[in-house]
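User: I am new to this structure and would like to know how some of its labels are justified. Please start with the terms and then go through the reasoning.

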Amino acid sequence: PFGLNLFVLRITAAGALGPVIANATGCEMRMIARNFCLLAALPVASHAQSLDGSGTTNPSKFFWKIMDMFKASSTADLSLTYRAVGSGTGQKEFSQAAAGNFTAPLTDFGSGDIPMPSDLYANISARGMVHVPFSLGAIGVFHSLPPALVGNEGLKLSACVLAKIFSGQVTTWDHADIKADNPSLSVPAGTQIKVGRRTLGSSSTGGLSGYLTAKCSADWKMHDTGAAMGDSGSITWPTLATFTKVEGSPGMLDHIAGTPYAIGYLDAGHGHQRGLAEAKLKNEDGIWLTSAEALARVDASGNNGVAAAGKAAVDAAAIPALPTADFSSVNLYSKAGPNTWPIVLVSYIYLPKDISTWTPGKAGLLKAFMDYVTGPEGQKMLPDFSFNAIPAAMNKWSTTWGLMTKPLTAFTNFTFETSTEAWVGQGPTVISSKRTSYSMWMLEEMDIALKASMGRLSAIESSMSDFGIVPLHGSGTTNPKNWFAKAMKTMEHQARVQMMLTYRAVGSGTGQTEFVGDAASGYKAYSHYGSGDIPMSSDNFAKLASASPPRTMLHLPFALGAIGIFHGVPAGELGAAELKLDACLLAKIFSGKITTWDHADIKAQNPGISVPAGTNIKVGHRTLGSSSTGGVAGYLNKKCPTEWSLGDGATVAWPQTAGFKAVEGSPGMQAHIRDTKYSIGYLDAGHGHDFALAEVALKNAAGETRTSKASMALGGVASAGSQAISSSAFPSDATADWSAVNVYDMPGPSTWPIVLVSYLYVDKDQSSTNPKTAAALKAFIDYVLRNRDGLCEEFGFTAPSQQLKDKSLTAASTIVYPAGMQSFVFETDTDAITGMGDSVISSKRHSFDDYERSVLKEEIAKLKAAVQTGAPAGAPPAVPSEEGTDAGLIISIIAIILSALSIVLGTVALCRRPAGGAKESVALAGTTYGNTAA
């Protein structure tokens, strides 16, 4: 122990473990070796017993809570997972190990709000399955019509009107069929209905289509062909521009909540939780009601309007007596009763009939899970997730378990401890309510706090400014992402109203795609604006004319940037300060014609290069559409078309050879060049310079060879822009097709040959845009084009010349904004009273985040300077300042010391542990969890 203490002291004094081990005495080294051998000899925990399922999204939170509770409440090593992917996908993965392979399931269990379709049921009949009903849920129809336009009675939609809306026969909210049941509805003439519909297989789709088939099959037909729409979870929807595909319940929620005059369908609980407006449907007793009203009404037997549908189905023997039967025709649509909701779904768990090949532990875990889900505790939890418990007459789990074929060895029998049972409760197969995790406890506490905050939140919302939350969302090139992020955050912090500004850095190609839209959206934009370092392609530009009405877009140039070629050849092997490659040599490399660094053409331009013979060139290239790809391809196509045959677009069909590697985004290219020896790639020069990557020197139109960094220092990027203006490279009309515009290989002694212009893509007609969003867009355009706060240069771009800047501002001034829109203004100098207006973005308004970042930036700059200059020899240690300049260093040293101490002290604890004092392993023998045989 004395020797160990000295050893610990030596580590503490040294501040690191490595130097001490290197200088350890023989005795100390034997002690370290012995203790680490003891660590290696410890038993490794066996694999967790798993239970994995997938299916409907609706009860996913219910399942996840139970699964987390099981894991926290058991001493056994359990793993329970559930993928919320929709009923259709859940049915596929339960019935097939892979597409068309019905020999075994991919999952241990599936779940759906519709029964297994008859064709899938037939395909797995040889091995058998069981349906286990566990909850009831309502499918509601929700909309986003302004309440003031609907009237006090709410929106009423009959089954036949719904059928016409969702089949594309009725497309406007002022249609006579809608007005017939809603005489007070006062929407603007011709207001289109924006229909949301689910992708993939969906139980909510099955519920809606089944109800419409049952109630109004004559009108539930495709608007153009008259073909029946069907009653399954996957149907063929109209391809009208007013129909929007959404994925999952979250997608439908976002569509309805975020789209004016929208309509959609989803499980009622999700809609109620988000506070969506709900349409009233007419039930079998002729009563108009919403699902929320049906749930609130209780009959003499204590059943609400959803449970009443289940009771009616049981009374009518509509549910098969045997769980192994074909349930495909079971539905709870339009059941009788004054309070009954007409679209009710049964949620099922699909299980294999034969689990004899399962381990006893896995079988026991399944039984425990199902016991809980269908038992009193699980059923009582369902209302918390906006579901209904099943009537007792539907709860056949006990009988179902008896019909299943189980492992020959007795399955592990898990039990539940709800009140304290000494000794018994500590058993390895006990799921105890007395055992939990900090996370589960904290979640419960947070849930209580959340519910207590709802009232206060409502009060806050009601007191908010009428201006409300201002959303603006764009996407496109990755290059200005940090510039845009800071601009948006600054605007958010300096505005009085709540602004939510986002930008997805996904590449110029994707930015163009999302701005243009597609046939499914009717070529309506998915973003409020786009951005790219290349002009809109001619194909995409032409698609804008396909929108109804046709769209007119503007190109707004806001910055210039260089694309550099960077490499990973070691400096010591170059034989010169820089690697030189002309355009034709680059074309051969990037097209795969030259594959080694010692190729004669490379050596001809770099006679001093001395790489090992046959060293392969590791080419990095961007995936998807990329402006940097377009810049390089355009330059090579212009300069050396004889060697470059891969086109000049943002998407290139790259060689599929081992020497080429696809990377995603600028970060991926940076990592490839930085981390891969003998690599080559391209990216915006600023990013390459930030990472101090070695750069290739290119020859410009004047015959001067230099890197982009050297060229930029001479104003070479700005020079390219000025030359483009002088040569009329930019069309005079900002609404014209700019696809042919490029700033490659412009004349001038200092000009860089691969220069890109960064654009904002904006619709000229914003008159129908949400006025709040339109105001935010106008302010953002102004902020970027006027280069407020000098962010252009801060993030490594070159500001356009005044002539090009004026061209952009003139084009921006032609945008048509909504009538009566309240525009934002910028306060740069104190303007008393006016500066406190709702629509003022004030430079006098700050956040602590901004201040703290500026302080940290300053401190980092000081540290960098200190590292570069170094400390004088023999200088005393730095004393930490009040600002904490050295705090990070001190904390790091302390962390290293504590880490080393923990290793050594841990090994001592292992050596000194009493032989009989070790806790029993979770690994259990026989039919218990943790058996490695399982």
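Analyst: Helices here are DSSP runs of H or I with at least four residues, numbered from the N terminus. The model is a predicted one.

User: What makes helix 32 the source of the largest share of the lining of the second largest pocket?

Analyst: A lining residue has an atom within 4 Å of a pocket point. Helix 32 supplies 7 such residues, the largest share. Helix 32 covers 848-869. Other elements that supply at least two residues each include helix 19 (481-494) and strand 27 (825-827).

User: How much space lies in the second largest pocket, and which residues are closest to its centre?

Analyst: The second largest pocket holds about 810 Å³. Of its 27 lining residues, Lys486, Glu794, Phe795, Arg853 and Lys857 are closest to the centre.

User: Why are 11 residues of that lining called charged?

Analyst: Asp, Glu, Lys and Arg count as charged, so the 11 are residues of these types. The rest of the lining divides into 8 nonpolar and 8 polar residues.

User: How do you know that strand 23 and strand 24 pair?

Analyst: Pairing needs at least two bridges; strand 23 and strand 24 have 2, so they pair, in the antiparallel sense. Lys699 stands opposite Thr705 in strand 24. The two strands form a hairpin with 5 residues between them, and Gly703 in the turn has a positive phi of about 85 degrees.

User: What is the sense of the pairing between strand 19 and strand 23?

Analyst: Strand 19 (residues 579-580) pairs with strand 23 in the parallel sense, over 2 bridges. Lys580 has Ala697 as its bridge partner in strand 23.

Key: Residues are numbered from 1 along each chain as its sequence is written. This is a predicted model: local features need pLDDT of at least 70, side-chain atom pairs count only at pLDDT 80 or more; totals for chains, interfaces and linings use all residues. Side-chain values use heavy atoms; hydrogens and water are left out. On a 1 Å grid over the protein atoms alone, a cavity is a set of points where a 1.4 Å probe fits but cannot get out, and a pocket is an open set with protein on both sides within 12 Å along at least five of seven lines; lining residues have an atom within 4 Å of a point. Grid points are joined across faces, edges and corners, and a volume is the space filled by probe spheres set on the points.
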